[in-house]
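User: I would like a close look at one part of this protein. Please keep it brisk.

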Amino acid sequence: MFSNLDEVVLDALSLFERGKIPILPFEKWQNPLVLGSGNAIVVGRLLFEDQDAYFADESTYKQIVSRYNNRISQAIIISASGGKDAVRTARALGQWGIGAWLLTNTADAPASEYIDPTHVFVFPKNREPYTYNVSTYMGMLLSKTHEDSAALKKFIKETVTSQIPDTFGQYDAFYFIIPPQFILLKELFLTKFDELFGSMVSARVFTLEQSKHARTLVPSDTECFISFGEENTLFGNEKNRFHISLPENAEYAALRAIGYYVIGRIQKQHPPYFKDNIVAYAKIASELFGEHITPIVE
C-alpha cells in the first residue's frame with residue numbers, strides 16, 4: 001500500500017517525462033512575499049533565491065506584512081494541497097489588499113476561493129503517501145530549473161543505484177555532505193528523515209567546509225557519511241564513507257531527487273517506521289488541521 005521514497009522519486013520523474021509543467025511568470029513578481037508551510041517555504045526560497053523577496057511561514061507572515069507593508073504589493077502562496085494554512089493566509093492577503101498568487105497541485109484548492117483564477121497555477125502530481133510531497137514540489141522546481149527528468153531518472157537508475165551499498169541498515173545516523181551551492185536543500189533532507197524515521201534514525205547535513213568546524217568532534221562507528229558530487233576523504237571512519245555522483249550541471253531538482261532516492265534506500269534497509277505509523281498519524285493530523293487527511297494523497 002505504501003511505497004518507499006526511492007520508488008516514489010522514480011515515479012515522479014516518469015510523471016514529468018509526459019506531464020506539462022506550468023510556466024511561471026517570474027518577471028511579473030517584483031519584491032514578492034513568498035509564503036508556505038514546512039517544505040513549501042523551503043521550495044519558495046529555492047524558486048526565488050535570485051530575486052529580492054520576503055519569506056514567511058504560517059507563524060511569521062503577519063509580522064512580515066506589518067513590517068514591510070509599504071513594500072509588498074503581491075504574494076505567492078506555495079501549498080501542495082491549497083488547504084490548511086494556505087486558506088487562512090489567502091483570506092488575510094485579500095483583506096490587506098495584497099494581490100495573491102497560488103502555486104498548488106490541487107485543481108479545486110480551498111485557498112483558490114480567495115485568489116483570482118488567473119493567478120492560480122496547478123502542477124501535476126502523483127498519488128503518494130502523505131508527507132512525501134515528491135512529485136508536488138518537484139514540478140515547481142523543474143519549472144525554474146528546466147532539468148531533463150528523463151535523463152535524471154536514467155542517471156539514478158544507471159549510476160546512483162550502483163553506488164548505494166546494502167549495509168545502510170547497520171547505521172543509526174547519517175551525515176550528508178552536499179555541495180555548497182545546494183545548502184538550501186539541507187532542510188528538505190532533514191525534514192524527510194524526521195518524517196520517515198522520527199528519533200529512530202538521526203541525520204545531519206553540511207557542506208565540506210562546514211564539516212571542518214567541529215561537526216565530527218564526537219565520532220560514532222554507527223554514523224554513515226554520504227557525500228554528493230564531491231567525494232569526502234576527510235570525515236567519518238573510512239569504512240563508513242560512501243559517495244554518490246551527481247549529473248553534470250546538476251541543479252536543485254537533481255540533488256533533491258537523488259537525495260530523496262538515497263533516503264528511500266535507507267528506508268528500505270531499516271524497519272518500516274513510517275508505514276507502521278502513518279495511518280495513526282493521518283488521524284491525528286486530521287484533528288490538528290480540522291480537515292480530513294488520508295494516509296495516501298490522491
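Which residue's side chain meets that of Glu-223 in a salt bridge? Please set that pair in context, then go on to helix H1 and its surroundings.

Analyst: This is a predicted model. The partner of Glu-223 is Arg-204. Their side chains form a salt bridge at 3.1 Å, N to O. The pair joins distant parts of the chain. Glu-223 sits in strand E9, residues 223–228. Arg-204 sits in strand E8, residues 202–206. In sequence they are 19 residues apart.

The two ends differ in exposure. Glu-223 has 6% relative accessibility, so it counts as buried, the cut-off being under 20%. Arg-204, at 26%, is partly exposed.

The count of salt bridges comes to eight. Another of them joins Glu-209 and Lys-212, with the closest N and O atoms 2.7 Å apart. A further one pairs Asp-6 with Lys-268, where the closest N and O atoms are 3.0 Å apart. This pair also links distant parts of the chain, with the two positions 262 residues apart in numbering. Asp-6 belongs to helix H1 (residues 5–18). Lys-268 belongs to helix H9 (residues 252–268). Asp-6 is buried, at 3% relative accessibility. Lys-268 is partly exposed, at 42%.

Asp-6 leads to H1 itself. The helix has 14 residues. From first C-alpha to last it reaches 21 Å, close to the 20 Å expected at 1.5 Å a residue. Ten of its 14 residues are buried, so H1 is largely enclosed by the rest of the structure. Besides Asp-6, the buried residues include Leu-5, Val-8, Val-9 and Leu-10. Further along H1, Ala-12, Leu-13, Ser-14, Leu-15 and Phe-16 are buried too.

What covers them? The cover over the buried residues of H1 includes strand E6 and helices H5, H6, H7 and H9. H6 spans 149–163, and H7 spans 186–197. H9 thus appears twice here: it is among the elements covering H1, and it holds Lys-268, the salt-bridge partner of Asp-6.

Two of the covering elements, E6 and H5, flank a loop that holds Thr-131. E6 runs over 128–129 and H5 over 134–145. Thr-131 is buried, with a relative accessible area of 16%. Leaving aside residues up to four places away in sequence, Thr-131 touches Lys-192, Glu-195 and Phe-274.

Note on methods:
Residues numbered from 1 in each chain as written. Predicted model: local features only at pLDDT ≥ 70, side-chain atom pairs only at ≥ 80, totals over all residues. Heavy atoms only, no water. Salt bridge = Lys/Arg side-chain N within 4 Å of Asp/Glu carboxyl O. Helix = DSSP H or I, 4+ residues; strand = E, 2+ residues; numbered from the N terminus. Buried < 20%, exposed > 50% of the residue type's maximum accessible area, 1.4 Å probe, protein only. Contact = heavy atoms within 4.5 Å. Expected span 1.5 Å × (residues − 1).
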